Amino acid sequence: MTTTNEQAQVAELVARARSAQAIFDRYSQTEVDEVVTAVAWALINPENNERLARLAVEETGLGNVKDKVTKNHRKTLGLLRDLKNAKTVGIINEDPDNGLVEIGRPVGVVGVIVPSTNPIATPMNNTLNALKCRNAIILAPSPKGQPSCTRLLELVYAELDRVGAPRDLVQQLPTPVSKALSMEMLKQVDLVVATGSQNNVRASYTSGTPAFGVGAGNVSVIVDETADLAAAAAKIKASKTFDNATSCSSENSVIIVDEVYDAMLAEFAKVGAPMLDADEKQKLQDTMWQHGHLNREVLAKPVSDVCSVVGLEREGLADSAFLLVSETGIGAEAPFSGEKMSLVLTVYRASDFEDAKRLASSVLSYQGKGHSLGIHTSDPERPQNLGQEMPVCRIIVNQPHCFATGGSFDNGMPFSLSMGCGTWGGNITDQNVHYKHYMNITRVVRTIPPREVTVEDIFGDYQRKYLS
């Protein structure tokens, strides 16, 4: 519950943001794009990126520095590619045939909930999208990620100063960040973007402010009998191990068709992913979940740390890239069927492709509905089949999953760190949240030659078929 003091703290930030945004509202498209480029340089600058990535890992204890550097760079550069020629100021589209002119307008002040898993990449992504549409933004970092976010903003301010833009376009909640402050921010801004825990997403939806939230991830990937198994193993490894599996788009389970099950396990072994035996699996399960929550001692940690915490002593196990556990159950009684955000991949054995679909559907029904599903196959029809039947917004075909869902240079998805999951995941959008979600559009509507229809045009076939 918020107090008068917290309401006043947030109100001051919002007032400053509105003053800055009123100035920014008068910028031309060229001036806006210069601000976006300047702010992005605060992270693209390799020296800054390295320092921020190192700080993020030290403070949150999640992920690893090398991959965070890569993530910060690629996600920011990819987003800049998407934004480069996008129109957001003035007339953004004209449709003379329909008498319509579309004008891009800001939403005002955007409030963003930032997860501890991505304390640098997520705020930068949201900030660039917000600024592209002439908004101000207020960030609500996680307590563990706040120092990283503070340092990022110091670098952003230097770039805003360089181009003469108001600093108050980009702010964050004061230290120490509290749940009450974050909840108050949700009420006072004009638009909310919430990435992270489902509690935060639900709070955003009930705040009374328009909100884009994202659903829970629990990615499954199917490997069918037509797949290039070596390529599939290499891609799954690249995705699963990236930043120690901090991404909600990392594979949490693999469903292997029986015909290639043993061969696929052999390929996993070649890339450094051994299968745990029953005793090792039980020890891991007993340690990974405590009082219904993931143990932070194994969350996004190297396999060597996991083995040490769990007490897995098999020779060579600690040197693995990631660990496999065999599973048949799905649901709360089988915790390995859910999201783990750790270097552990659950393996299911399916009798055939239809059985693989059944298993994938069951996993999604338990957790992750709406997010995404992967498949490694050489059959051109199966991805479309999944797209017509599975309750997800993305079918990722023959790609490392965590790189593909949030946009990649070799696919057509927008670069984003916020994946909408549609109504399946309780979200208002099924898209990757991108700049268009941070913009209002005013439509100027003029008359056109009328396009009237008759009753016969609409009902003629129906009448002849059913009413004659």
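This tour moves from a parallel sheet, through two helices that lie across it, to a nonpolar patch on the surface of a predicted model.

Begin by selecting the five strands β5, β4, β3, β6 and β7, which in that order form an open sheet with parallel pairing. At its edges you will find β5 (170-172) and β7 (211-213), each of which pairs on one side only. If you look along the sheet, neighbouring strands are turned against each other by 20 degrees on average, with direction ignored.

Next, restrict the selection to β6 (residues 191-194) and β7, which pair in the parallel sense over 3 bridges. Within this pairing, pick alanine 194 and then glycine 213 in β7, its bridge partner.

Now add the helices. Helix α7 (residues 179-188) lies across β3 (109-113), β4 (136-140) and β6, and its direction makes an angle of about 150 degrees with β3. Helix α8 (residues 198-205), in turn, lies across β3, β6 and β7, running at about 160 degrees to β7.

For the last stop, leave the sheet and select Val453, Val455, Ile458, Phe459, Tyr462, Tyr466 and Leu467, which form a nonpolar patch on the surface and together have about 780 Å² of accessible area. Centre the view on tyrosine 462, which is found in helix α16 (residues 455-467). Is this tyrosine 462 buried, partly exposed or exposed? Tyrosine 462 counts as partly exposed because its relative accessibility is 46%, and the partly exposed class lies between under 20% for buried and over 50% for exposed.

Conventions. Residues are numbered from 1 along each chain as its sequence is written. This is a predicted model: local features need pLDDT of at least 70, side-chain atom pairs count only at pLDDT 80 or more; totals for chains, interfaces and linings use all residues. Side-chain values use heavy atoms; hydrogens and water are left out. Two strands pair if DSSP finds at least two bridges between them. Helices (H or I, at least four residues) and strands (E, at least two) are DSSP runs, numbered from the N terminus. Axes are lines fitted to C-alpha atoms, for helices over the stretch in contact, and angles run from 0 to 180 degrees between N-to-C directions. Contact means heavy atoms within 4.5 Å. Patches are made of residues with over 30% relative accessible area and no salt bridge: like charges are joined within 9 Å, nonpolar side chains (Val, Leu, Ile, Met, Phe, Trp, Tyr) within 5 Å. Accessible areas come from the Shrake-Rupley method with a 1.4 Å probe; for residues, only the protein chains shown count as cover. A salt bridge is a side-chain nitrogen of Lys or Arg within 4 Å of a carboxyl oxygen of Asp or Glu. Buried means under 20% relative accessible area, exposed over 50%, partly exposed in between (1.4 Å probe, protein chains only).
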